[in-house]
Amino acid sequence: METQTPVKVTMDTSTQTDMCAADITELEAQADNNSKELTKARQEASQIKFIQESFSKNDKMFYTGSPTFAILMLVFNYVKGKLPTRHSLTHFQQMLIILMKLSLAVPREDLEYRFLVSDSTISHVFKTGIDALYGISELIVWPEREVPWKTMLMQFRQTFGKCVVVIIDCFEVFCDRPTSLEARAQNWSIYKNN
């Protein structure tokens with residue numbers, strides 16, 4: 001019996017490029033530099049702590065929409081008892097997630113990265129936190145009707161007279177599209193068609 005040895009078939013292929021070795025070396029150096037910059041940026045980002053102590057200097061109020069740390073703490077002390085206890089996040093961090101989402105429209109993916117939690121945790125914190133913040137409305141005192149009218153822009157006074165009592169600045173918070181048709185109907189916005 002004769003045994004046949006398998007025959008290997010090989011092919012040569014080649015491509016032509018306008019790049020020379022110096023161009024490739026330059027691109028490799030650029031990629032290496034970008035990698036180093038990315039590593040440095042990640043290290044700097046990991047140094048930013050979203051904890052209560054780091055906000056006490058008033059230099060990070062941008063993230064919350066609060067003008068001062070004192071006001072932030074007033075809101076926090078009112079809300080903290082209504083927020084659920086979590087092992088991964090403090091009550092203060094939960095409130096930061098809610099305020100950052102409301103004031104800056106920070107994407108969930110960014111919040112996941114900053115606070116080192118999952119997407120479902122961010123969604124749950126936001127949902128329960130909005131309910132907790134709803135109670136703060138009893139702290140808001142509306143001024144007498146004449147007070148805002150005295151400080152209103154002259155254009156509003158001339159156009160609307162005393163019909164305008166207050167101007168409300170609104171914003172939109174996007175939510176995930178529900179799978180349930182009933183929930184979709186409840187979330188539908190005629191204004192934005194979404």
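D119 is partly exposed, with 31% relative accessible area (buried is under 20%, exposed over 50%, and partly exposed in between, using a 1.4 Å probe and protein chains only). The side chain of D119 pairs up with that of R108 in a salt bridge, at 2.6 Å from N to O (the cut-off is a Lys or Arg side-chain nitrogen within 4 Å of an Asp or Glu carboxyl oxygen). D119 belongs to helix 6 and R108 to helix 5 (residues 108–115), so this pair ties together parts that sit 11 residues apart in sequence. Helices here are DSSP runs of H or I with at least four residues, numbered from the N terminus. The model is a predicted one, in which local features need a pLDDT of at least 70 and side-chain atom pairs count only at pLDDT 80 or more, while totals for chains, interfaces and linings take in all residues. Residues are numbered from 1 along each chain as its sequence is written, and side-chain values rest on heavy atoms, with hydrogens and water left out.

Searching the whole structure turns up three salt bridges. Another of them sits in helix 5, where the side chains of D110 and R114 meet at 3.0 Å, N to O. These two residues are four apart in helix 5, or about one turn of the helix. D110 counts as partly exposed because its relative accessibility is 26%, and R114 is also partly exposed, at 31%. Helix 1 (21–47) has a salt bridge too: D32 and K36 bring their side chains together at 3.4 Å, N to O. Being four residues apart in helix 1, D32 and K36 are separated by about one helical turn. D32 is partly exposed at 39% relative accessible area, whereas K36 is exposed at 53%.

Back to helix 6, this time for its packing. The axes of helix 4 (residues 91–104) and helix 6 come within 9 Å and cross at roughly 85°; such axes are lines fitted to C-alpha atoms, for helices over the stretch in contact, with angles running from 0 to 180 degrees between N-to-C directions. Helix 4 is therefore roughly perpendicular to helix 6, a label that covers angles of 65 to 115 degrees. On the helix 4 side, the contact is made by Q94, I97, I98, L99, K101 and L102, and on the helix 6 side by I122, V125, F126, G129, I130 and L133 (contact means heavy atoms within 4.5 Å). Helix 6 also holds T121, which counts as buried because its relative accessibility is 14%. Leaving aside residues up to four places away in sequence, T121 touches R86, S88 and L89.

The loops on either side of helix 5 each have a backbone oddity. Most residues other than glycine have a negative phi. A105, in the loop between helix 4 and helix 5, goes the other way with a phi near 55°. L116, in the loop between helix 5 and helix 6, is not a glycine either, yet has a positive phi of about 55°. A105 is exposed at 54% relative accessible area, and L116 is exposed at 74%.

Further along, I140, W142, V165, V166 and I168 make up a nonpolar surface patch with about 520 Å² of accessible area together. Patch members have over 30% relative accessible area and no salt bridge, with like charges joined within 9 Å and nonpolar side chains (Val, Leu, Ile, Met, Phe, Trp, Tyr) within 5 Å; accessible areas come from the Shrake-Rupley method with a 1.4 Å probe, and for residues only the protein chains shown count as cover. One of the patch residues, I140, is in the loop between helix 6 (119–134) and helix 7 (146–151). I140 counts as exposed because its relative accessibility is 55%.

At the other end of the chain, the segment before helix 1 includes P6 and M19. P6 is exposed, with 74% relative accessible area. The C-alpha atoms of P6 and E146 are separated by 97 Å, and the two residues are 140 apart along the chain. M19 counts as partly exposed, at 37% relative accessibility. Not counting residues up to four places away in sequence, M19 touches I24 and L27.

How values were computed
Angles under 35 degrees count as roughly parallel, over 145 as roughly antiparallel, 65 to 115 as roughly perpendicular and the rest as oblique.
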